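Colleague: I should like to learn how to read a model like this one, feature by feature. Could you give me the general idea each time and then the case at hand?

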Amino acid sequence: MFVVFEGIDGGGKTTLSNRVAERLRASGLVVEHVREGGKFASSVTQAMRELGRDARNLALTPRAELMLYLTREVQLVEEATRPALARADVVIADRFVYTAEVLARYGRGLAEHEVAPLVAAATDLRPELVVLVDVDPQVARARRRVAKLVAKDDRPPSRKGLAGTALQQRLRLGYRELAARDSDRWIIVDNTDADLDALAELLTTAVGHARTHGARAARTLIPSQDARRIDAATEPASAKAALLAWIDQRSVREPGLAAYFLDGVPGAEAASRRAALAERAPAVVAAGLRWLDDEAAWQLRHRLAELAPADVASSLAGPAGHHRDAPALLQALAPRAPHAVADALWGRDDAVAWQLRDALPRDAVMRSLGGVPGERGWTMRDAWLAERGGLAALESHVAAATIACNSLAGLDDERAWQWRKALREVAPVAAVESTLGLADERSWKWRRRFVTRAPKTVMKTIVGLDDPRAWELRDQVAAHCEEAIDSMLGLDVEPAWELRARALATWPATAIKSLGLLGATPRGRELIVAALSRHPSDIALWRQVTIRA
């Protein structure tokens with residue numbers, strides 16, 4: 001029997017498929033998983049995955065991407081899946097050709113008549129059962145971020161991630177449509193609020209039932225998604241109460257996720273919950289202190305300095321970095337978390353920052369020089385570059401080229417542009433990101449060139465810009481890129497208010513987040529009430545309302 005697990009990134013399909021495989025083996029069945037532990041059984045397939053993931057390959061077109069993704073599945077089927085089916089009772093795959101189909105059609109916008117023949121030609125193998133692990137995209141995104149914090153995963157974003165967070169919403173709709181069209185073979189399980197062990201046990205039973213009675217019969221074991229109960233909130237006070245109640249419930253099973261949704265939430269009630277979660281999710285709690293500068297936040301920073309030094313240092317990148325306790329704490333953290341300390345010094349050109357830089361390795365110092373103009377910064381950049389052998393030597397060294405580009409953020413002098421142009425091919429995302437806040441025509445030319453392939457990155461570079469060219473780019477991508485709304489943070493101009501109002505339908509939490517301090521104004525409060533009336537059960541919206549109201 002061939003079983004496929006599908007779903008959006010962060011949905012839990014990899015974890016669940018592996019747990020189901022373990023349980024089926026324990027029951028006496030011969031089970032093979034062609035992506036055991038998250039790694040494909042075919043090294044060729046794994047290499048093709050890395051090729052598609054690599055953000056340097058921005059030029060990869062949607063049609064070529066579809067063929068690449070289908071090719072990797074063909075390789076896996078022929079090298080691993082078919083042979084496994086000949087010797088095992090159950091073969092499990094984490095993703096199949098449906099991933100390529102959904103990404104092409106719902107993610108990249110290719111027409112069905114273009115995609116369907118290619119998918120059909122890729123393989124005649126069809127799974128007997130497809131398990132769609134469904135999840136609220138905002139919860140999935142939070143789980144991915146928690147996992148990166150815990151694992152200290154500082155890999156650059158994938159090429160797919162450059163499309164922005166809204167991509168996962170479109171992919172979710174695509175998977176649900178495929179499941180609805182082929183309901184005899186697809187079952188949908190909700191992993192937004194589920195207990196993973198209980199869900200794995202349910203799916204193990206369902207697979208066993210499908211082997212005996214068929215996939216259609218297995219569907220009778222799966223509870224309706226409508227059974228999930230969600231609280232509703234229609235005004236700021238009830239949104240705060242609903243958020244805190246949800247966090248209390250989630251703290252039992254997923255302390256990291258609970259801590260994530262406390263990120264930036266002010267007030268004594270949130271502070272007491274952070275304190276309770278500090279030892280169970282230290283990295284997430286510490287990272288969530290970035291915008292908090294009250295006494296409770298500082299007590300937590302000192303308490304977590306040993307458990308999560310890098311995350312405590314990162315929390316000082318915001319306003320708290322200028323607190324009277326910040327210099328001593330950063331100095332103490334520098335030996336254990338030099339790169340995080342450097343990130344906290346980003347853009348700072350004051351005496352404290354220069355003194356702290358003296359205690360950091362050169363690579364870390366370079367990370368801190370973004371947004372720092374003047375000869376003192378260029379002296380450090382030039383010395384670092386000389387040690388590396390000059391710009392030509394960086395053109396074959398991705399990590400070093402990325403560090404160099406990071407040091408140029410916000411700089412518009414000729415030396416900065418010389419570096420950018422030399423390094424754009426090897427580190428395109430970092431080079432584009434380095435145009436942060438710039439309003440010269442060269443920056444707009446780069447943004448226009450990359451906005452189709454990397455809209456998320458381009459939107460990050462225009463945060464807070466009230467410029468006709470910025471509005472042109474926002475309008476170009478706003479329908480499919482949530483970060484266009486993020487880029488309007490704090491803007492109190494009519495185009496921003498109009499775009500926020502349109503965004504309430506699809507990205508209410510981001511629309512409210514973009515208010516910044518405007519949440520306290522009459523117009524901001526009106527928008528908050530409108531968002532809650534339309535989306536009373538949106539957890540991410542509850543959080544943003546609690547922060548902004």
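Colleague: Let us begin with a strand: which residues point one way from β1, and which the other way?

Modeller: In a regular strand the side chains alternate between the two faces of the sheet. Here F2, V4 and E6 point one way from β1, while V3 and F5 point the other way, and all are buried, where buried means under 20% relative accessible area, exposed over 50%, and partly exposed in between, with a 1.4 Å probe and protein chains only. Strand β1 is thus mostly covered, 5 of its 5 residues being buried. Strands (E, at least two residues) and helices (H or I, at least four) are DSSP runs, numbered from the N terminus.

Please keep in mind that this is a predicted model, in which local features need pLDDT of at least 70 and side-chain atom pairs count only at pLDDT 80 or more, whereas totals for chains, interfaces and linings use all residues. Residues are numbered from 1 along each chain as its sequence is written, and side-chain values use heavy atoms, with hydrogens and water left out.

Colleague: In what order do the strands form the sheet, and is the pairing parallel or antiparallel?

Modeller: Strands of a sheet pair through backbone hydrogen bonds, either parallel or antiparallel. In this model 5 strands make an open sheet in the order β2-β3-β1-β4-β5, with parallel pairing; two strands count as paired if DSSP finds at least two bridges between them. The edges are β2 (31-33) and β5 (186-190), each of which pairs on one side only. From one strand to the next, the twist averages 20°, angles being taken from 0 to 180 degrees between N-to-C directions, with axes as lines fitted to C-alpha atoms, for helices over the stretch in contact.

Strand β1 is joined to β3 by 4 bridges, and V4 has A93 as its bridge partner in β3. Over another 4 bridges β1 pairs with β4, where the partner of F5 is V131. Strand β4 (residues 129-134) is in turn joined to β5 by 5 bridges, and V130 stands opposite W186 there.

Colleague: Which helix packs on the sheet by touching β1, β4 and β5?

Modeller: That is helix α7 (residues 166-181), whose direction makes about 145° with that of β4; touching, or contact, means heavy atoms within 4.5 Å. Helix α8 (residues 196-213) lies across β1, β3 (90-94), β4 and β5, and runs at about 165° to β5.

Colleague: And how should I read a pair of helices, for instance α10 and α12: at roughly what angle do they cross?

Modeller: Two packed helices are described by the angle between their axes and the distance between the axes. The axes of α10 (residues 236-253) and α12 (residues 268-277) come within 11 Å and cross at roughly 10°. The two helices are therefore roughly parallel to each other, since angles under 35 degrees count as roughly parallel, over 145 as roughly antiparallel, 65 to 115 as roughly perpendicular and the rest as oblique. At the interface, K240, L244, I247, D248 and S251 in α10 meet E269, R273 and L277 in α12.

Colleague: Which residues touch the most other members of the largest nonpolar core?

Modeller: In soluble globular proteins, nonpolar side chains tend to be buried together. The largest such core has 162 residues, of which F261, M459 and W542 touch the most other members; a nonpolar core is a set of buried Ala, Val, Leu, Ile, Met, Phe, Trp, Tyr and Cys residues joined through side-chain atoms within 4.5 Å. Helix α3 (residues 62-85) gives the most to this core, with 8 residues. Another core, of 24 residues, lies apart from it, and F5, A21, V133 and I187 are among its members.

Colleague: Finally, which residues of helix α16 are buried?

Modeller: In α16 (residues 326-333) the buried residues are A326, L329, L330 and L333. They cover an arc of only 95° around the axis, which puts them on the same side of α16, the arc being that of the directions from the helix axis to the C-beta atoms. Their cover includes α14 (295-304), α15 (309-314), α17 (338-344) and α18 (351-357).
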